[in-house]
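Work through the exercises below with the sequence and the 3D view open. Try each task before you read its solution.

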Amino acid sequence: MKNVIRLLVLLLLPFSSLRAQDSSLSKWSFGGYVKDLRSIAISSGNGSDMVVGNQIHNRLNIRFEADSNWTFALELRNRLFYGESIKASPDPLAFIDYNDYFDLSTVWLKKPYAIGHSVVDRAYIDYHRGNFEARIGRQRINWGISSFWNPNDLFNAFNFLDWDYEERQGSDAIRLQYYSGFASHVELAARMSRSLDSSVVAALWRFNHWNFDWQLLAGIARGDMALGAGWTGYIGPVGLNGEAAYFHPYRNFPDSSGSLSLTAGLSYLFPSNLYINYAFLYSSPGKNDFTGVSPLRFMDISAKKLSPFKYNMILQGMFPATPLININAGLLYSPGSNAFIFFPGITFSLSDNMDFDLLGQFMTLKLNGLNINQEIIYTRLKWSF
Amino acid sequence: MKKNLPLFCLFLLASAFLQAQDAGEIVKKALDNFRGKSSKSTITMKIIRPGWSREIRMKAWSKGDKYSLIKILAPARDKGVAYLKVGKEIWNWQPSIERTIKLPPSMMGQSWMGSDFTNDDLVRESSEVRDYTHRIIGSDTLQGRECWKIELIPKEDAAVVWGKIIMWISKKDYLELRAEFYDEDGTLVNIMKASDIKNMHGRIIPVRLEMIPADKPGQKTVIVYEDIVFDIPIPDSFFSLQNMKKVR
């Protein structure tokens, strides 16, 4: 695998020079970013602990549009982790390494104080003709509508606290789409898997009616039958969106019980450009079993289990103070576990291609008489190219 | 004379009416001149503030009032981001997360990407014809061109943000070379200046537009049309969620 990645990088790097032509219709396009992410984590419960983490992160996005029908895409991330957080963790690779059906990742440096990791998270061929589109390979299939929780995102549910990886991991999958109108389409997608119980095969129908976008989906997902629906639209100035999905194990169907993920939200854009977003989530498998051992950012979630807590609500505000400075702050509250997560952030645009973020994730909760606190502060410098 | 007074009044009314129609026609002609039935353009927008500036490059397609599609070319961070407007509905495509996001219709009246233009300014809805009464209030010469000065006052029931607009439109070729936007209290809010008149694929238009907030010194937004072609055939189906992702 190591050699394959090396070969790919060597093969593709020369194309970066093609970008200089900057013809918007060049067949090749090349982009990405380099980020320097630093974190200070303070956790308390059994004694106070402070851990500093460092990460240098590079992403490369390469596309080749052979003609009006065929597109080839390859995207990879190269990350170098170093510092205390690597030294302190018993198994740092658990948070770093991931794959799908195919192993497209490699660890190129493994020292007690540093880890180097590369992974291809997109590698697909796309064919489209008229209203039809087919895509095969590692790809992101994003069926989510809502801002925080996505019960309809069967393939790759998003943890909104994992703010540094919005692209998400890809799924090794086949996806067929047919567009039946300007805002409607049907699609069928299947994620490759070694067994039926770990695969996802589902169909989605999205359509536009009464100025709302709607979607219905059905399929099997990791051992469950899944049925879902989602909506998004505006009534006057108020935005309404939501998603629901019901999961039921298809083995022992009569003897097992199903689970429900339901989220609904409201949003409002003030004339001052202040944007307010409220949402709640009911996650029936939530058992308030969060142990606080690992940061919430790395929490493993799925469309079926989007939160460790059963009842969740979030209020978030975003405000562009100037065209260069964006301020946002969110508060999550879960009544069952008396959990609060406060996540304020500020983004500075330093130049056309350089951004700086400062943000925090502060959590406090009380479970079985035990107080758990997590405080993490991040800084991120991002250069896009 | 007394006998003729009603007739005279009627004549006055009629001429006022004719003139109002003329002014409306002129505004319509000027806006149509800049919009066409459809258009395809490459635009650079520069947001200028005291101490800094930012630049956005984009490609835009439009058809009538109903349809528009914008694809961001630069900066690198936003490359590939797209906006689609069909009627009152607006969608946004975020390629990094492969998601289509439905946006609030109210954002049309708000700042476009932090600039001094609103989304409505860019789409140039026919509102300036429909929702206002028009009157020629004088003549002026701008950039060597003789212009009509036309005053636009919103109709009583019109839902518009301005209390008054004054436009300078050239007499020879119907170019809107300047506009002043006033709030309901009659205070000048924005000045729009158009310059750099060029022949773009057979049509004479100003390719440089500046929007200058009246009360913020050192602040403005400059839009330059690198290329614009009007009245090309674009099918309605071009303005779709599918094409928003694909179009280049």
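## Exercise 1. Two chains in outline

Take the contacts in chain A between residues at least 6 apart in sequence: 50% of them join residues at least 24 apart. The model is predicted.

Task: State how many helices and strands chain A has, and do likewise for chain B.

Solution.
- Step 1. Count the elements of chain A: three helices and 19 strands.
- Step 2. Turn to chain B. Its secondary structure comes to four helices and 13 strands.
- Step 3. Add burial. Chain A has 385 residues, and 32% of them are buried. Chain B has 248 residues, of which 29% count as buried.
- Step 4. Return to sequence separation. In chain B, 43% of the contacts between residues at least 6 apart join residues at least 24 apart.

## Exercise 2. The nonpolar cores

Task: Find which residues touch the most other members of the largest nonpolar core.

Solution.
- Step 1. Set the scope. The largest nonpolar core holds 47 residues.
- Step 2. Pick out the residues that touch the most other members: B:L84, B:I150, B:M167 and B:I169.
- Step 3. Ask which element contributes most. Helix 1 of chain B, residues 5-35, gives the most to this core, with five residues.
- Step 4. Zoom in on B:L84. Leave out residues up to four places away in sequence. B:L84 then touches B:L69, B:I90, B:W91, B:F239, B:L241 and B:M244.
- Step 5. Look for another core. A second, separate one has 28 residues, including A:I141, A:L154, A:A157 and A:A221.

## Exercise 3. Where the chains meet

Task: Say how many residues each chain brings to the contact, and sort the chain A side by residue class.

Solution.
- Step 1. Count both sides. Chain A supplies 31 residues and chain B supplies 30 residues.
- Step 2. Find the leading element on the chain A side. Strand 11 of chain A, residues 224-235, gives the most to that side, with three residues.
- Step 3. Sort the chain A side. It divides into 12 nonpolar, 13 polar and six charged residues.

## Exercise 4. Following strands 6, 7 and 8 of chain A

Task: Trace the pairing from strand 6 to strand 7 of chain A, then from strand 7 to strand 8.

Solution.
- Step 1. Start with strand 6 (residues 132-139) and strand 7 (residues 171-181) of chain A. They run antiparallel, joined by eight bridges.
- Step 2. Mark a facing pair. A:R135 stands opposite A:R175 in strand 7 of chain A.
- Step 3. Move on to strand 8 of chain A, residues 184-191. Strand 7 pairs with strand 8 in the antiparallel sense, over eight bridges.
- Step 4. Use A:R175 again. A:R175 also stands opposite A:A189 in strand 8 of chain A.
- Step 5. Check the connection. A hairpin of two residues joins strand 7 to strand 8 of chain A.

## Exercise 5. Two alanines of chain A

Task: Is A:A134 buried, partly exposed or exposed? Classify A:A94 in the same way.

Solution.
- Step 1. Place A:A134 in strand 6 of chain A.
- Step 2. Count neighbours. A:A134 has 15 C-beta neighbours inside 10 Å, so A:A134 counts as partly exposed.
- Step 3. List its contacts, leaving aside neighbours within four places in sequence. A:A134 is in contact with A:Y127 and A:L176.
- Step 4. Place A:A94 in helix 3 of chain A, residues 93-96.
- Step 5. Count again. A:A94 is exposed because it has 11 C-beta neighbours inside 10 Å. The cut-off for exposed is 12 or fewer.

## Exercise 6. Backbone exceptions

Task: Where is the cis peptide bond, and what is the phi of A:R222 and of B:D196?

Solution.
- Step 1. Recall the rule. Most residues other than glycine have a negative phi, and most peptide bonds are trans.
- Step 2. Locate the cis bond. It joins B:A74 and B:P75, with omega about 10°. B:P75 is in the loop between strand 3 and strand 4 of chain B.
- Step 3. Take A:R222. Its phi is positive, about 50°, although A:R222 is not a glycine. A:R222 lies in the loop between strand 10 and strand 11 of chain A. With 18 other C-beta atoms within 10 Å, A:R222 is partly exposed.
- Step 4. Take B:D196. Its phi is positive too, near 60°. B:D196 sits in strand 11 of chain B, residues 188-200. B:D196 counts as exposed, with 12 C-beta neighbours inside 10 Å.

How values were computed: Residues are numbered from 1 along each chain as its sequence is written. Chains are lettered from A and ligands numbered from 1 in the order in which they are written. This is a predicted model: local features need pLDDT of at least 70, side-chain atom pairs count only at pLDDT 80 or more; totals for chains, interfaces and linings use all residues. A nonpolar core is a set of buried Ala, Val, Leu, Ile, Met, Phe, Trp, Tyr and Cys residues joined through C-beta atoms within 7 Å. A residue is buried if 20 or more other C-beta atoms lie within 10 Å of its own, exposed if 12 or fewer, and partly exposed in between; C-beta atoms are placed from the backbone. Two residues are in contact if their C-beta atoms, placed from the backbone, lie within 7 Å. Ala, Val, Leu, Ile, Met, Phe, Trp, Tyr, Cys and Pro count as nonpolar, Asp, Glu, Lys and Arg as charged, and the others, Gly among them, as polar. Two strands pair if DSSP finds at least two bridges between them.
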